[in-house]
Amino acid sequence: MPAGLDNLKHIVVLMMENRSFDHMLGALMDTDKRIDGVDPAKHKNPDTTGEMIPVRPLAEFQGQLDPDPDHHFPGVDLQIFGGAPPGPARVANMQGFVKSYFQQQQDVDQSHKIMYYFPPKKLPVLAGLATQFAVFNGWFASIPGPTICNRAFAHYGTSFGQVGMNIFEWKGPYLSIYERVLLAGRTAKIYYYDGPSSTMEIVNLLKNQSKIFGTFDQFLKDCKTGELPEYSFVEPNYNDHDGDSGAEIASDQHPDHHVQHGEIFINNVYNAIFNNEQLWKSTALLIVYDEHGGIYDHVVPPDCPADDKAFTASADQTEAGFPFKFDRLGVRVPAVLVSPWVKKNTVIPGPYQPDGRKFDHASIPATVMKFILKDFDPKGLSPDDKRKFLGQSQREQAADTFLDLLSNDVQPDDDIPSFEIQ
Amino acid sequence: MAKARKRRAVPIPSPPDDAFDKDRRAGALLQAQALHLRHGLARYVQKVARHLHKVGELLAVDLSTTKTEGQVSEYARQVTAILHMKTGKHPRKYKEAAR
């Protein structure tokens with residue numbers, strides 16, 4: 001076993017909001033051709049007048065993507081298939097983003113902004129961590145749809161047939177990854193930012209398992225005291241609100257929240273882990289986005305094994321005129337794995353590249369299960385608990401995992417970036 | 001004293017405070033979150049209502065009829081369960097599993 005995996009004691013996942021890979025990290029291809037990023041000569045979308053609009057490095061931190069781009073199932077279908085009617089012959093072409101954004105406001109100029117991306121110097125934290133550690137060319141949203149059902153894949157390995165934001169009550173059979181970890185006698189927690197921001201997993205987890213939650217202040221304390229659980233899921237601040245020590249500015253980067261505040265939040269999570277030396281050497285931090293937010297990406301989402309037969313979304317549920325078997329991933333999102341045991345400047349090839357791999361949010365519980373199982377034997381559980389612990393959705397069973405990225409060698413501290421606010 | 005751990009400094013700009021706007025119109029995600037929160041609260045009210053019904057039953061017990069140790073212990077069991085009830089489901093008992 002590589003030393004990095006041998007030393008691994010904690011996995012932390014920070015899930016941000018609604019930005020595509022090309023939009024946030026696509027410009028890195030200018031300096032590293034292994035990264036499957038943006039090319040203005042090739043990556044264009046037609047607008048409603050027929051003009052071809054290229055990608056451009058003109059993304060702004062705030063005030064540009066207002067109104068919020070469409071990221072519900074029918075809108076994402078248009079973005080991926082360019083408006084072709086559903087049917088077995090249609091081909092994904094990623095040509096519908098500008099047309100989709102036009103529908104929000106009927107404004108041709110505004111619709112072009114969906115093609116804008118950030119140059120790396122505007123995102124020094126995310127881009128810096130991506131180049132220092134590992135960046136995934138092929139991490140996709142789990143479904144071509146919005147936040148809550150995508151986050152469900154990170155918590156449960158499935159969304160139980162949900163493609164939208166509707167309330168659903170868990171009826172089994174798969175437990176959340178937190179409950180499975182606790183069944184194994186290990187520790188897990190969801191850290192939401194604070195009460196006013198709360199969590200996005202309310203109905204089934206917050207309601208019934210309040211003890212698996214903590215706040216971000218608790219996360220910081222737990223990192224400092226070395227009491228971080230073996231698996232932690234961190235949520236950013238989802239809204240602007242007044243806090244005890246002043247204004248709390250949203251840090252999730254969901255349009256139209258200020259992207260730089262998200263950079264600071266990512267840095268705070270990263271620093272909290274680094275500043276405890278033992279924790280730094282024993283933690284893998286995955287920074288990932290839940291879905292693309294309706295923003296352009298050029299990579300066609302690949303097919304995937306269908307989820308359990310019981311989890312098919314009907315045509316009424318998709319609102320797109322056809323059912324969905326969860327056999328196709330959503331649009332590509334930024335994903336970066338931070339650990340001193342990751343080789344510097346690792347680029348994990350995407351599904352259409354040599355030795356390509358594809359990941360989605362089901363990879364998260366799949367990886368945590370592999371991590372727990374590396375030194376835990378479930379035969380000590382009762383038959384009922386063993387069945388619940390080992391139960392994984394079809395999608396989770398098929399998902400790739402990322403522990404193999406931890407190597408035998410550790411990056412020295414003096415080469416690790418420290419992002420310092422000027 | 002532990003040696004200070006030095007990293008490679010990368011300057012980043014300070015984000016503006018004027019990004020704050022709690023009067024910004026809440027988007028679809030936050031509106032959905034509010035609906036989910038209300039649903040969770042409605043379920044909690046149902047749980048509290050069942051709980052209060054039981055509390056009422058136990059308050060109505062005439063303790064002059066509770067004479068034996070067995071009767072007192074049964075009363076104690078039921079009241080203790082109420083007083084120790086936490087929010088949400090009773091926590092699943094997670095045994096310390098063998099590694």
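## A tour of two chains

Start by selecting A:Ser198, which counts as buried because 20 C-beta neighbours lie inside 10 Å. Keep in mind as you click that this is a predicted model. A:Ser198 is found in the loop between strand 5 and helix 9 of chain A. Check its backbone too: phi is positive, about 55 degrees, although A:Ser198 is not a glycine. That is worth a pause, as most residues other than glycine have a negative phi.

Next, go to A:Phe160, in the loop between helix 7 and helix 8 of chain A. Here again you will find a residue that is not a glycine with a positive phi of about 55 degrees. Is A:Phe160 buried or exposed? A:Phe160 is buried, with 20 other C-beta atoms within 10 Å.

Now for two peptide bonds. Select A:Asp66 and A:Pro67: the bond joining them is cis, with omega about 15 degrees. A:Pro67 sits in the loop between strand 3 (52-54) and helix 3 (73-81) of chain A. Then select A:Pro255 and A:Asp256, which are also joined by a cis peptide bond, with omega about 15 degrees. The loop holding A:Asp256 runs between strand 9 (246-248) and helix 11 of chain A.

Move on to helix 10 of chain A, residues 216-225, and colour its buried residues: A:Phe216, A:Phe219, A:Asp222 and A:Cys223. They lie on the same side of the helix because they cover an arc of only 110 degrees around the axis. Turn to the other side and you meet A:Asp217 and A:Thr225, both exposed. What covers the buried residues? Among the covering elements are strand 5 (188-192), strand 6 (213-215) and helix 11 (259-274) of chain A. Just after helix 10, A:Gly226 takes a positive phi of about 75 degrees.

Time to look inside. The largest nonpolar core has 124 residues, and A:Leu285 is one of those that touch the most other members. Helix 11 of chain A gives this core its largest share, seven residues. Select A:Leu285 and find the residues it touches, including A:Val12, A:Leu14 and A:Ile273.

Finally, bring chain B into view. The contact takes 52 residues from chain A and 39 residues from chain B. Which element of chain A gives the most to the side that touches chain B? Strand 13 of chain A does, with five residues. This strand runs parallel to strand 1 (residues 8-12) of chain B, and five bridges join them. For a last click, pick A:Ile421, which stands opposite B:Ile12.

Terms used: Residues numbered from 1 in each chain as written. Chains lettered and ligands numbered in written order. Predicted model: local features only at pLDDT ≥ 70, side-chain atom pairs only at ≥ 80, totals over all residues. Buried ≥ 20, exposed ≤ 12 C-beta atoms within 10 Å, placed from the backbone. Helix = DSSP H or I, 4+ residues; strand = E, 2+ residues; numbered from the N terminus. Arc of directions from axis to C-beta. Contact = placed C-beta atoms within 7 Å. Pairing = 2+ DSSP bridges. Core = buried A, V, L, I, M, F, W, Y, C linked by C-beta atoms within 7 Å. Lists of a residue's contacts leave out its neighbours within four places in sequence.
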